[in-house]
Amino acid sequence: MADLRTEFVGVKSPNPFWLASAPPTDKEYNVRRAFEAGWGGVVWKTLGLDPHVVNVNGPRYGAVWGADRRLLGLNNIELITDRPLETNLREIKAVKRDWPDRAMIVSLMVPCDEESWKFILPLVEETGADAVELNFGCPHGMSERGMGSAVGQVPEYIEMVTRWCKANTRMPVFVKLTPNITDIRHPARAAKAGGADAVSLINTINSITSVNLDLFAPEPTIDGKGSHGGYCGPAVKPIALNMVGEIARDPETAGLPISGIGGITTWRDAAEFIALGAGSVQVCTAAMTYGFKVVQEMISGLNQWMDDKGHADMDAICGRAVPNISDWQYLNLNYVAKAKINQDLCISCGRCFAACEDTSHQAIAMNPGRVFEVKDDECVACNLCVNVCPVEGCITMEPMTPGETDPRTGKVVEKDYANWTTHPNNPMAKAAE
Amino acid sequence: MPASPRSPGIVAGRLDAAALAERFSDISPKLDAHEALVAADRCYFCHDAPCMEACPTSIDIPLFIRQIATGTPEAAARTILDQNILGGMCARVCPTETLCEEVCVRETAEGKPVEIGRLQRYATDTLMDAGVHPFSRAEATGKRLAVVGAGPAGLSCAHRLAMHGHDVVVFDAREKPGGLNEFGIASYKSVDGFAQREIDWLLQIGGIEIHGGQTLGDAITLDGLMAEFDAVFLGMGLAGVNSLGVEGDDRGNVTDAVDFIADLRQTEDLTGLPVGRHVVVIGGGMTAIDAAVQSRLLGAESVTLVYRRSQERMAASVWEQDLATSKGVTIIHNAMPLRVIGNGAVREMEFEYTRDGAGGLEPTGETFRLPADQVFRAIGQKLEGAPDGLTLEGGKIAVTGAGRTSLAMVWAGGDCASGGDDLTVTAVAEGRDAAEDIHAKLMEA
């Protein structure tokens, strides 16, 4: 059995699966249920100063669905906790006392002045919480008041507030980043410069999930109006993975601990974040969709995969994929692959044909009897057929062996690596040398 | 004492009204909105979809399912009805398991096809329940056309002709229109008077008159119709039934399955419809299955369907066979009738087992008897009273192309014409295609 125990900036948890700061971690009742279900830790839903905020009294969530109404994306316009500060602090303390082996991180969002942070940090420290996470990410509501993503979008503010916090608490300080920026590396560098012990990302993405076509109003609709919300769930995973990877491979932030967040729904998603450098992962939408029990699949799945592959513990997998993230210009242009359709698995739906014929390279033949075959002399190995095929593993990309002739180009596949920087079609190629 | 399944002879009321209502209820009810969305989500929107190829009316199935999935079942219905104006009935009676659903790639992938038939019914019922008839007539052409037979072929032809602006008069031997849709479909496939509702809906196009009680060769003649109308479409089906050709075929209570099915469909109160204690059905097609199953549902103690060839040769689909056995029908293959035994009325039937020999089916010499109060013949129907001058082929009206007969300006389609599978959906396709051909011909001049 693989060892899933996690130590993240000194914060220990029995597994890397934490619940993100969000509605599932708003109350003692929920968090106790989460721990009973097996979650390794929680980031308690963001605390603010009293008087506590209020939420809308109409719908807070909007959604995007896939086939069979599978929830793929969720957006929300909920604010930080709408309960008194004292209530939350009391509950945090009680839960941490009863669950000392679980990670208890407290998310915070107070106005952008040092006094506010100086006020709240000792109160949190007193609960026995393991760390704080500075919420510089929420893109709706609080940002209009100069908090949340309004801070996260200005690297100088991130650095400033982080520094205040580091100066006013002994607890590790995580900085939660907003993805609503142009280059995630800048806020991450600012957090590091301010002394952050770790970054957590991503927070939610500015979004309108749908428009009510009777009301002509964005959804969720409150009395005929809608406001943008924060988007999360499986749909945002690719965006999150990229941002995590960018920070992990940026020389300026390399080694900065990352708590990965964004659409993690299965053990595999979590493993991917960890492989890209996340030392822990945070989950919200999956729990909100399926309930807390979903963590049991994540634990068993990660365990099984690690055992199957011989990975003993978290250190064995954390960041293993980071060296393989490359800029496009360094990808090997001498690598040639061809799509291959497994006729035994093919169910003859013809989606690969429609996709290739209508929108790609006319590299799939539809032969009598609905037999679909790749035309190697046309196939550019774009992978679209693989992606539209409903049967997993039916179409694969098979690399050609160096020395073979690519029937499309008539050229022999070279065994040596060669990339764009030296390609003759690259006007900058000489300058690059 | 009320009758029971074990009451001897042929009696009514073997089961009470509640039991009969339950047994004859809709065998495959309309999907609700949620079920339809779940079912529609399974469609892969295949390229040049096999289901569409397999549909005799070439309905664009992936498109209509996508229209259901995106919340526009009315648009889906339009897609269906464009190709098949009786899409509502076909959704109920098509042997989808041997047509569209058999070739569904999800049948290939998982052994569970997309429920195309039920989705089609969801779409067409949604539109029809809203009382919408989505077609209108082109400008009047002044042409008048005669259609003989108000069954699937004739109605399909008439609607398409009316849509093109022609005036159509439909003649049918029965007083009530619908043909086999009204008289020949098992009750549990077409509940709540659906056949008549569909006809009423179809006639909303306008320009179609239906004249009942007009048998060709009796009240009307082909010569007369040809003289009065610009063109004639013959879609009167097969009125004759093949006899068993064995000793005792004329004994009492040996009757045609089609008549039993028609009586059943027209009976308001099924407790008044008599059925035998021991029923034997001879045949291997849909008519045989429908008669056998409904005999059981009416309360017959034992129903045996006897087919002279092997199971693989049965015209009824495996789904239909399974339905029959699930209702308690015993199916015996490879047995042919030898004689009907009884004193006046049938009491027993004697059969002889068969096998496939070098020269075709041959008897084995091994015989057996089945008790029988009632025997239904279901070994096929035949064309009766075909008008003189029409070339026949295999006992049916010979047609080429889109239903052209040997006579100019006379078309034919459905069961009475050569070719085709004798399915409702085939008849609809033939009626439609003949209408297009008639229209093109009439507009040439």
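This is a short dialogue on reading a predicted model of two chains in contact.

Me: Where should I begin with the contact, and how many residues does each chain give?
Reply: A residue count is a good start: 14 residues come from chain A and 12 residues from chain B. Next comes the area buried between chain A and chain B, about 970 Å², with carbon and sulfur atoms giving 62% of that. On the chain A side, Asp68(A), Ile347(A) and Arg370(A) supply 45% of the area buried against chain B, more than any other three residues.

Me: How many salt bridges and how many polar contacts are there between chain A and chain B?
Reply: The salt bridge count is 0, while 5 residue pairs are in polar contact. Helix H12 (residues 351–359) of chain A gives the most to its side, with 3 residues. That side of chain A divides into 7 nonpolar, 3 polar and 4 charged residues.

Me: Now chain B by itself. Why is helix H12 (residues 194–202) of chain B called largely enclosed?
Reply: For a helix, count its buried residues. Here 7 of the 9 are buried, so the rest of the structure largely encloses this helix. The buried ones are Phe194(B), Ala195(B), Gln196(B), Glu198(B), Ile199(B), Trp201(B) and Leu202(B).

Me: And a charged side chain: is Arg309(B) buried or exposed?
Reply: Arg309(B) is buried, yet has no salt bridge. A salt bridge needs the charged atoms within 4 Å, and the nearest side chain of opposite charge, Asp356(B), is 4.8 Å away. Arg309(B) sits in the loop between strand S10 (302–306) and helix H16 (318–326) of chain B. Leaving out residues up to four places away in sequence, Arg309(B) touches His333(B), Asn334(B) and Leu361(B).

Definitions and conventions: Residues numbered from 1 in each chain as written. Chains lettered and ligands numbered in written order. Predicted model: local features only at pLDDT ≥ 70, side-chain atom pairs only at ≥ 80, totals over all residues. Heavy atoms only, no water. Helix = DSSP H or I, 4+ residues; strand = E, 2+ residues; numbered from the N terminus. Buried < 20%, exposed > 50% of the residue type's maximum accessible area, 1.4 Å probe, protein only. Lys, Arg positive; Asp, Glu negative; His and termini not counted. Contact = heavy atoms within 4.5 Å. Buried area = accessible area lost by both parts, 1.4 Å probe. Polar contact = N/O pair within 3.5 Å; in protein donor to acceptor, adjacent residues only side chain to side chain. Nonpolar A, V, L, I, M, F, W, Y, C, P; charged D, E, K, R; others polar.
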